[in-house]
Amino acid sequence: MMAGNELYVGTAIGLIVIGFVAVLTRRNLLKIVLGFSIADTGVNLLIVSLGWLPGRTAPIVDDPSMFSDRAALAVNAARVVDPVPQALVLTAIVIGVGVTALMLAYVIRLYAVGGTLDVRQFGRLKW
Amino acid sequence: MPLLPKILWSLVGVLGALAYGLAIGGIIRKVMARIQGRIGPPVWQPYLDLGKNLSLRTATHHGVMSFIAPIFRAGGGIGLYLLIPVVVGVPALENFSFSGDLLMAMYFMFFGSLGMALGAAEAGHPHSPIGISRGLSQMTAYELPFALAVVALVAQTGSFSIHEIVAAQQGGWLHWNLIQNPLAAVAAFLAFLGMNMYAPFNIVGAPQEIPVGPPTEFNSQFLSLLMVGRATFAVAKMVLYMDLFLGGATSLPEAFVKTFLIYFWSVFVGAVFPRFRTEQAIRFFLGWPTVAGVAGVLLVMLNR
Amino acid sequence: MKQIVAVVALATLAILLWQLAPIAMPSGLGVVAQHYAEHGVQDNRGANLVTSVVVNYRGFDTLGEVTVLFLSVSGAAFVLRRRTGLEVHEPRRASEIVRTGARLLFAPIVLFGTYIFVHGHLTPGGGFQGGAVVASGVLLLLLANKDHPLPHGFLSWTESLSGLGFVAAGLAGLWAGGSFLANRGILPLGTWNQLFSAGVIPVIYTFVGLKVGSELATLLDVMMHAADEEVHQ
Amino acid sequence: MVNPILLIAVSLGVAFLLPVVDRLGRGVSRTVHLLTLAFGMLVSFRWLAALAAGAQPARIITGGWPPPLGINLFFGPLEAALAALAFTTALVAALYLAHHEQVPTVKSLVIQLVLVVGAVGLIMTRDLFNTFVFLEITGIGTYAILSFGRERESLESGFKYMALGSVASIFILLGVAFLYKLTGTLNLDDMAGRLPAVAVAGVGTVLLLLLVGLMAELKLFPLNGPAIDIYDGGEPGVMALLVGTTVNAVLFTFFKVLSLYRGDAWALAVSTVGMVTFVVANLLAIRQTRVRRMLGYSSSAQLGLLVFLLPFVRGEVVLMSAMALLLLNHTLAKAGLLWLAGLHGGERLEDWRGAFPDSVALRVSLGALILAMVGMPPFPGFWGKWQALVGLARSDAWPWIVPLLVGSLLELVYYFGWYRHILEPAGEGSRGAGRAAFAEVAGILLFAGTALALGVRMTAGIWGGPASPALLLGLVGLVLLLVRAIPVKAGAAVSLAATAWILVRMFLSGGGCPLWNVQGFFVVVTLGGALVISLAGLGLPVERRSFWGLFLILVGSILGLITSPSLLGFFVGWELMTWSSYLLVSQGRKGTRPGFLYMLFSGAAGFLILGGLMVAEGAGVDAIGGLVQLGGGAALAAWTLVAAGFAVKVASLGVHIWAPDAYAESPDLFTPFLSGVISKIPIFGLAVVAARIAAPSLHTVAGALEPVHVLAWVGGLTAFGMTLLAVFQEDAKRLLAYSSVGQVGYIVAALAIMSPLGWTAGLWHVVNHLLFKGLLFLAVAGVVYRTGTRRFADMGGLITRMPVSFVSVLIGIIALSGVPPLSGFAGKWLLYEALMERGWLLLTAALMFASVIAFLYCFRLIHSIFLGQLKPEHRELREAPPALLAAQVLLMAGIMVLSVWPQALLDPLQRLVGATFGAAGLELEGALTLTTSFGYFNAVAIMTLVAVLFVVLLAFLLFAGPRSKKIRQLDIVYAAEVPPPPEELHYAWAFFKPYERAFAPILRSAATAFWKGVGEVTGALGEAGRRIYTGDAQTYMLYAMLFILVLAGLGLAG
Amino acid sequence: MDIVTLFNLEDLLICAVILVAALGAVLHRNLLAAVVFAGVVSLAVSYLFLRLSAPDVAMTEAAIGAGITTVIFLIAVRRTEEVEREEP
């Protein structure tokens, strides 16, 4: 079996699940936000590992000679990994930080208003 | 038969019915007295009462309704009589029965009761409405078995017209509806008891409880009209029952005998039974008579 | 009880996801990726394929991306807008070393950040990474002295103008190159691997870098100085 | 045309600039913000107009690369409409929110603007990852703006919403990434093309991840907890913004992404989740006591309905327009209601008692929006729901139609539960718009106005073009309703003139007497009733100024209902009649609670009928005439449903509990119309709709049982039950209410005979009942107006003070009880003849018995009011107002004419029945005696007989004995007793006590207990159901996890 | 062929560190420690990105994932409480 990316995918899934464990079981609001951040990192790792092709380098054309010759470019295509997942992850990370920032702002205000970080105290609106 | 002679004959008929009604009233009272060991008033007492009322020098009334009540009462009695053919086949005695069938007769009976009720209530004394409430309740009660009987008979003969019902019963007493559909007859005759306001269903005008009520509210000519209504009403009902169940009459004497027997049935029962309370009366009528009526109807439906 | 149900559920989810592992096995470049790999360089004459994908091919995503960041910073500021309470003053001041170090290192960090987003199309890195580095420079200042007077006006102007610049570049592409964020007709693609190559990509990435830098700086400032109500209201 | 990409680019540019522009002053930044939104709105509307006129949709590419290399956007008619709606809502929301900011900052403007950009981006983009980015933009925008409301609650609900949102975006991101890996492309259309070819295991799981992510984004059941909390905690104005922009955009995205999901399993899953959300959310809303939370449940339900329709919309144009209408209706109505909620500030339902007393416009808008939400005509929601049902019926999707109807009924329950409080008269606690600025009110008026205008335009085409009298009446009514300057009396005059003009025009126009066909007959009955009411209206004042407006809308709707050839037209008229009569019933002093009950049962009847009509539509029949072609099972189902609906509306025994209260508590002037005409509309329904469906007989164990025989017995039992209950009523109007329900029972029985004679009897009784019941109600109205009370015990002896009313009641009860001379007897006679002819003997006896019992309450009515002792306080009582008496005289004249000359009505009826059955059923031998196969009846002879007797006996009384002297009631010395003071004398209380004791066993009203039980069970279900929303963020996220595992378990994760 | 040769030792080590750090972040009661653990996770993942020949992403993860995110978490912890109170 060719050395695939089970390890990376496994780690990624591990991260996601650990993140969700934090989100679903920990009572502390900060721990929940932390859980989300870890899950996001896990997802990003998973996406990049999706685009990874063993034995290939980063999608940057650093050999000047290749530029002018069309055939070389075709060869280059076989040399690089898939750039698209990397582009997606790049955006996903920044989105992750944006959402985390907003969540933390909420947590700060919730603490300032509710005096506690226990998520069960913030369940008054129900039924 | 042209109109004028028909009207005259009807007038004669009405007066005859009135006389006969008053006579029966007197006889019944005599018989009841005798059963109870009393001598009782003379048989012609009702005639005397009527005469007395008509000759009174003073009369009082309580307003419009005091006029309308007797008119409705008498009108109801006379009207009902006029709508029922006393002797089928003899034009003189068929009155105006061609202008309305059995349904008309049934609903005309209410005409009298409605008038009675309105008049009594207008007097303003509380005891009369109590009487009316009982009377109307009882009336609705006996109406159900009677209606069932009527439905059975009409279904059997296929028409509401009294003429056809009588015609269907010709040919000996075996063809009478009394025999043809005994269950319906039972229901009808039990209902008949209620109609005549005799014991055990005479709580309506119960003398000792309601000293006021119609007999005292009205006087002189008003009271006389009430007596006329009462008499003609009784006669009309007897004739109706005769036509429905005893195959009508081919001649006057036969009519007299049959109607007398029919009337005696209610008197005979009345003399023996104590008085029912209103709800007892209602429950009675909605009990066996209704069951008999329904059975009568089912009987007809089955063998059709 | 809920904990157990949650853990069991997550275990099942893990198994479910693990079933997707075979899909994740490397299986060559997709049809789109194949084009990017082959023609990416020629289309934009930018060395860094990821940058040309991020800025040109999927430039609209990046515009969305910048909006996300802009929105979350404004949102955070909006959520923390309660200016009512008094600010809790930190008794402890950063140590001497940190303060002097901060002043020394601030300039090189900002320079390094600028380098990153200016050379986005050539070397790995780009607007987001450069911006983050610049912001960490500002962070250093804030760590040294919490009440360091940040040029809020300047930051706000940079943020707005760079955002507008990005949109303007897009509109220019629409006007000149036929479609929004197109990389034709605005700037010459220039010679490969030179600073001034890959058309408008470096310009856009610079705008992005400036915007991300100022935004993250504002974010840090906002969160640090968010009003502290009396804690146990 | 402007390139649609500018909608996003320009708005985004301005959003970036706003913080800087704000330095020049908050006014400047606010104007720039509004201008940008206005720009977006104009561009979208121009595009919408162009696309509607057939222009080509815009295919936009970005980055200079066509798909699948670059990201492409699409701007077709749907996108343009949604974008226009988004920008309009945002603009109006901005105006509203400007006045509701506790801590005004430019950030809120930025967030609002970017939110709209996100929504429009979502609508336009065709790229999957770009969709994810825009989902994030709208998501973060929503989380940010949710902190707009009250401190603690908004933060709490905002955090829960965000937590579930983050879980959703993780799922979506995973889904998108794996889909890219599988298909190699990110463009939606390209991916949809390539996906079927991918036969790798695990594709199902990937699609499931994406699907659950989107469902979590849409907050469908069981994930709608947070969505409902943000309604509860957030600022209503903000929620209105979200409903108009984000929610619609995410729904449209879900629609686009569904193209990836081939196969029935997915369609079934989506529809099931949608329908479950619709029904459950509506069920849980019933127990809500807080208005905003209820609106939250309602939104979740509506969203569920739209999601349910999505899989069906593939290619079905009818369902596409249905969805568009439903979406538009929900946005307009929900946003409007939310702004009103924000303006009013009432937390609990009770706080809305007599809402907005100071502003008519807002009160009318509130009413209109609630009606729109519930899907009543003329509002777009109704058309949407109708088209959706027709689409479903056509594809025989019966397992879906039933829950849809049940859900809609539940929706009707809680919305009218709220409307009940609003309609209560404004007390001191009722809040109004206060000093609301015009900006806040503008949005509400705009949205309500658009909904109404759109609805009226769509209704115009239904009843035979705009010139049809029905629509004219409706419009005049609308004008009267909106223009409150017109005094009430003028309203009555307008109504009188309008009805008279139409009636005259009908008789004069060609085509013979309108009575010759069923439609014409009922139109004359309706207009006759309306004429009498309007005439009486000139005398009897009405409390609410909106009475006549609603009255004309009601009459117009009835005309529309009768004259419309199509099933749709019939049902539009029906629902219009329902809500306009509901509003009129609620105008009584204590009318709101009975009104609510009236609406519940009428609504249920409406849905039953709708079900029946859908069976017909499913079989391809859309015109009333076409119902004849229905065959076999479909005919039986359609007939049963429609007949059941009419039976409920006619208040037959068992479902009658709403009628007595509704009749008794409705305004005195309206009750005659309610009992005289509106109770006849189901009869029209039976005669026209039900009669045409040839329902095959049911084969029961005892042989074939004809459905019509069952219906006849329902009518019979109603007649008997209601008449019996009428006898024991202590309140005049309630007695008449029970009586009129009983009388209608007769008509139902008559029509159910389905023979020429039966119909003649039924239709005769319709006219007769209108005449004498109208007479009785008007007379009682006059008495109540003068004495101020309705209880028998408080009246008595009024014959001296109100003689004319006495005569009307006397004539009325004689006609009602069927005593010979008057027209009542003819009705009874025809009915019994028809019944005997049909051979239903026991039913005949039962009806005879019932009609005798009617006699009891007739007497009680006239005795307790007019006879007996006159109360001291009524000594100087004046007669009823002249106009009212005029109306009564008109009705009395009608009864007299029918009594003396029945042929006047019987001739046209013969022609009508002849046209329907092909045989006359009644021979008019010698033009005087009516003969049937069973009996004969000569009205003229009887009348003369009675008249002669009356005259002779009267003469006898006047002249035979001595002149009689009138004595006053108190001076009854002649009656041998002096009565105690007058008060005790009036024997009216518990008049038929012995009768009551006799019937005690069957009198325990089982019906009320039963329906109370049904109410409790639904309530308990709602109570138990809403327990699942524990309010805890983690529980909601756990639901998300469990939801995806359950769906995976169900085999979706292939 | 045992697991080690299949993946080189370095990757295995890094992945182990990531998972352990993640568990630490989740379970540790002191929030500051938890945030640091999260930072470690980000850094390790960013190194892993390098192993997956994705330099851009590695830089982003390092700068934003490890840098900015950890900082805003620290600010948040300072604004609230350091230790996770054990509530019933």
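A residue counts as buried if 20 or more other C-beta atoms lie within 10 Å of its own, with C-beta atoms placed from the backbone. The legends below describe a predicted model, which scores ipTM 0.86 and pTM 0.90.

**View 1. Helix α23 of chain D is mostly covered.** Helix α23(D) runs over residues 592–618. Of its 27 residues, 22 are buried. The end C-alpha atoms of α23(D) are 37 Å apart, which agrees with the 39 Å that 27 residues should span at 1.5 Å a residue. The expected span is 1.5 Å times one less than the number of residues. After the helix comes Gly620(D), with a positive phi near 85°.

**View 2. Chains B and D meet through 66 residues of chain B and 62 residues of chain D.** The elements of chain B that give two or more residues to this contact include α3 (64–83), α4 (102–122), α10 (220–245) and α12 (278–285). Helix α5(B) supplies the largest share, 14 residues. Sorted by class, the side of chain B that touches chain D holds 38 nonpolar, 20 polar and eight charged residues. Six pairs of chains are in contact, and chains B and D share the most contacts among them.

**View 3. A strand of chain B pairs with a strand of chain D.** The two strands are β1(B) and β8(D), the latter covering residues 964–966. They pair in the parallel sense, over three bridges. Within this pairing, Thr60(B) has Lys965(D) as its bridge partner.

**View 4. Two pairs of chains have no contact between them.** Chains B and C are not joined by any contact, and their closest C-alpha atoms lie 65 Å apart. Chains D and E also lack a contact, with their closest C-alpha atoms 15 Å apart.

**View 5. Confidence varies between the elements of chain B.** Chain B has an average pLDDT of 83, and 95% of its residues score at least 70. Among its elements, helix α13 (residues 288–302) has the highest mean pLDDT, 89, and helix α9 (residues 213–217) the lowest, 64. Where pLDDT is low, the predicted coordinates should not be read in detail. Both α9 and α13 of chain B are among the elements that give two or more residues to the side touching chain D.

**View 6. Confidence also varies between the elements of chain E.** The average pLDDT of chain E is 87, and 90% of the residues score at least 70. The lowest mean among its elements, 60, belongs to helix α1 (residues 3–6) of chain E. Helix α3 (residues 31–51) of chain E has the highest, 93.

Notes:
Residues are numbered from 1 along each chain as its sequence is written. Chains are lettered from A and ligands numbered from 1 in the order in which they are written. This is a predicted model: local features need pLDDT of at least 70, side-chain atom pairs count only at pLDDT 80 or more; totals for chains, interfaces and linings use all residues. pLDDT is the predictor's confidence in each residue, from 0 to 100. Helices (H or I, at least four residues) and strands (E, at least two) are DSSP runs, numbered from the N terminus. Two residues are in contact if their C-beta atoms, placed from the backbone, lie within 7 Å. Ala, Val, Leu, Ile, Met, Phe, Trp, Tyr, Cys and Pro count as nonpolar, Asp, Glu, Lys and Arg as charged, and the others, Gly among them, as polar. Two strands pair if DSSP finds at least two bridges between them. A residue is buried if 20 or more other C-beta atoms lie within 10 Å of its own, exposed if 12 or fewer, and partly exposed in between; C-beta atoms are placed from the backbone.
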